[in-house]
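Subject: Structure handover

Hello,

Here is the structure for you to look over. My notes follow below it.

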Amino acid sequence: MDHSFNAPPHEEIREAVRRLCARFPGEYWRRLDRERAYPAEFVQALTDAGYLAVLIPEEYGGAGLGLSAAAAILETIHAEGCNGAACHAQMYIMGTILRHGSAEQKQRYLPQIARGALRLQAFGVTEPTSGSDTTSLRTFARREGDHYIINGQKVWTSRAEHSDLMLLLARTTPREQVAKRTDGLSTFLVDMRAARGNGLTIKPIRTMMNHNSCELFFDNMVVPAENLIGEEGKGFRYILDGMNAERLLIAAECIGDAKWFTQKSVRYAKERTVFQRPIGQNQGVQFPIARAYAQMRAAELMLWQGCAKFEAGQACGEEANIAKMLAAEAAWAAAETCIQTHGGYGFAEEYDVERKYRETRLYQVAPISTNLILSYIAEHVLGLPRSY
Ligand SMILES: Cc1cc2nc3c(=O)[nH]c(=O)nc-3n(C[C@H](O)[C@H](O)[C@H](O)COP(=O)(O)OP(=O)(O)OC[C@H]3O[C@@H](n4cnc5c(N)ncnc54)[C@H](O)[C@@H]3O)c2cc1C
């Protein structure tokens with residue numbers, strides 16, 4: 001496909017990422033999918049190339065690039081048929097330490113995260129009873145001298161088994177005792193290597209795609225007070241700060257997925273001949289492909305606008321949320337079209353379409369569901385009355 005007109009930024013990085021991804025073809029991902037295994041070699045290759053440290057400032061050993069570089073990397077990974085979900089969080093969770101951690105915490109963790117010596121891949125927010133209503137979470141951290149004692153449960157904590165550290169959101173003041181429900185929540189950096197078996201239990205959840213998500217149980221898990229990030233009780237704000245970056249990067253992955261599906265549909269529609277003509281000559285086959293492509297291009301504009309605002313330090317909640325929603329929907333439209341274009345072969349594992357189809361469906365639900373984005377737009381952008 002020719003993207004030279006209005007080409008998205010960072011072509012040099014994209015080209016290098018394409019070369020890396022060529023070492024991890026469909027066959028590699030199919031095997032992992034069958035075995036529900038972690039793409040350790042792929043993640044190592046990205047780490048060695050420095051791609052997971054692009055957002056870490058140079059003084060801490062990273063590349064010190066902006067969000068658009070990270071978006072270009074993740075988009076390319078997905079456009080090449082690979083999957084960044086195994087490691088994308090390593091790029092942005094550290095933003096909480098960078099923006100709100102103490103000088104000592106930054107010195108201690110960021111260079112090691114940049115080198116890949118420490119994996120910060122796990123982000124524990126969602127709980128079984130609170131779901132999308134984050135401020136109702138029940139995991140509680142009680143201060144005792146130099147430590148916090150943490151009890152509670154998380155669900156859907158992705159990559160918990162493949163991470164050394166976890167950024168955890170827990171209540172430190174009961175909800176009934178705070179003026180605003182967003183107060184009284186705190187963020188901790190949990191060393192899971194020390195905690196596992198000492199108050200932390202991790203149970204993998206089998207899902208429709210290979211995602212390495214887990215349930216986490218905290219039973220008097222001890223975390224040193226020095227691992228509190230920023231001020232006690234202000235953790236919700238710190239987490240919100242990072243969410244725009246997360247949404248824009250997930251949007252980039254969805255744009256990559258949409259490009260992969262569309263390219264696959266176009267190629268197959270040109271090659272497959274039925275009734276003595278390529279199926280792509282029929283407008284009934286062409287139009288859904290063209291429509292999904294148009295949806296992707298519109299979402300892409302919103303993504304780059306969001307990245308530009310983020311990099312300029314401007315508020316970008318509207319763009320980040322809209323980009324994530326439109327991109328997830330564009331990816332799904334392209335996926336639906338791709339499976340339909342392939343007819344029966346879309347269901348055969350060796351075409352990779354069914355795997356990518358399962359993988360891209362997630363992004364209408366996580367890390368935030370479409371309804372919650374619509375609610376954000378309705379209430380925070382358009383000023384409609386609050387519904388919850
Ligand atoms: C594979 C996977 C990986 C994940 N990884 C992580 C992770 O690493 N860390 C983490 O913390 N979380 C993670 N999540 C959790 C994810 O963020 C949540 O699943 C998501 O936010 C939705 O929460 P829920 O599943 O509890 O759904 P619920 O909140 O129970 O919502 C269910 C449905 O109801 C709708 N709904 C709820 N309330 C309203 C309302 N007021 N108005 C309209 N509609 C509403 C929602 O849109 C949704 O469609 C992951 C989830 C999955 C599936």
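Leu200 stands opposite Phe218 in strand 7. This is a predicted model, so please read everything here in that light. Strand 6 (residues 200–205) pairs with strand 7 in the antiparallel sense, over six bridges. Strand 7 (residues 213–224) also pairs with strand 3. That pairing is antiparallel too, with nine bridges. Within it, Ser158 has Ser213 of strand 7 as its bridge partner.

Next, the ligand. The shell around it has 22 residues. Val125, Gly131, Ser132, Trp156 and Ser369 come nearest. Three elements give two or more residues each: strand 1 (120–124), strand 3 (147–158) and helix 13 (370–381). By class, the shell has ten nonpolar and twelve polar residues. No charged residues are in the shell.

Where does the ligand lie relative to domain 2 and domain 3? Domain 2 (121–233) gives residues to the shell, and so does domain 3 (237–381); the ligand therefore lies between them.

Last, the core. The largest nonpolar core has 117 residues. Leu248, Leu303, Ala327 and Ala330 have the most contacts inside it. Helix 9 (residues 235–271) gives the most to this core, with 16 residues. Ala330 is worth a look on screen. Leaving out residues up to four places away in sequence, Ala330 touches Cys254, Ala258, Ala292, Gln295, Met296 and Ala299.

Best wishes

Key: Residues are numbered from 1 along each chain as its sequence is written. This is a predicted model: local features need pLDDT of at least 70, side-chain atom pairs count only at pLDDT 80 or more; totals for chains, interfaces and linings use all residues. A nonpolar core is a set of buried Ala, Val, Leu, Ile, Met, Phe, Trp, Tyr and Cys residues joined through C-beta atoms within 7 Å. A residue is buried if 20 or more other C-beta atoms lie within 10 Å of its own, exposed if 12 or fewer, and partly exposed in between; C-beta atoms are placed from the backbone. Helices (H or I, at least four residues) and strands (E, at least two) are DSSP runs, numbered from the N terminus. Two residues are in contact if their C-beta atoms, placed from the backbone, lie within 7 Å. A residue is near a molecule or strand if its C-beta atom, placed from the backbone, lies within 6 Å of it. Ala, Val, Leu, Ile, Met, Phe, Trp, Tyr, Cys and Pro count as nonpolar, Asp, Glu, Lys and Arg as charged, and the others, Gly among them, as polar. Domain bounds come from an automatic or database domain assignment. Two strands pair if DSSP finds at least two bridges between them.
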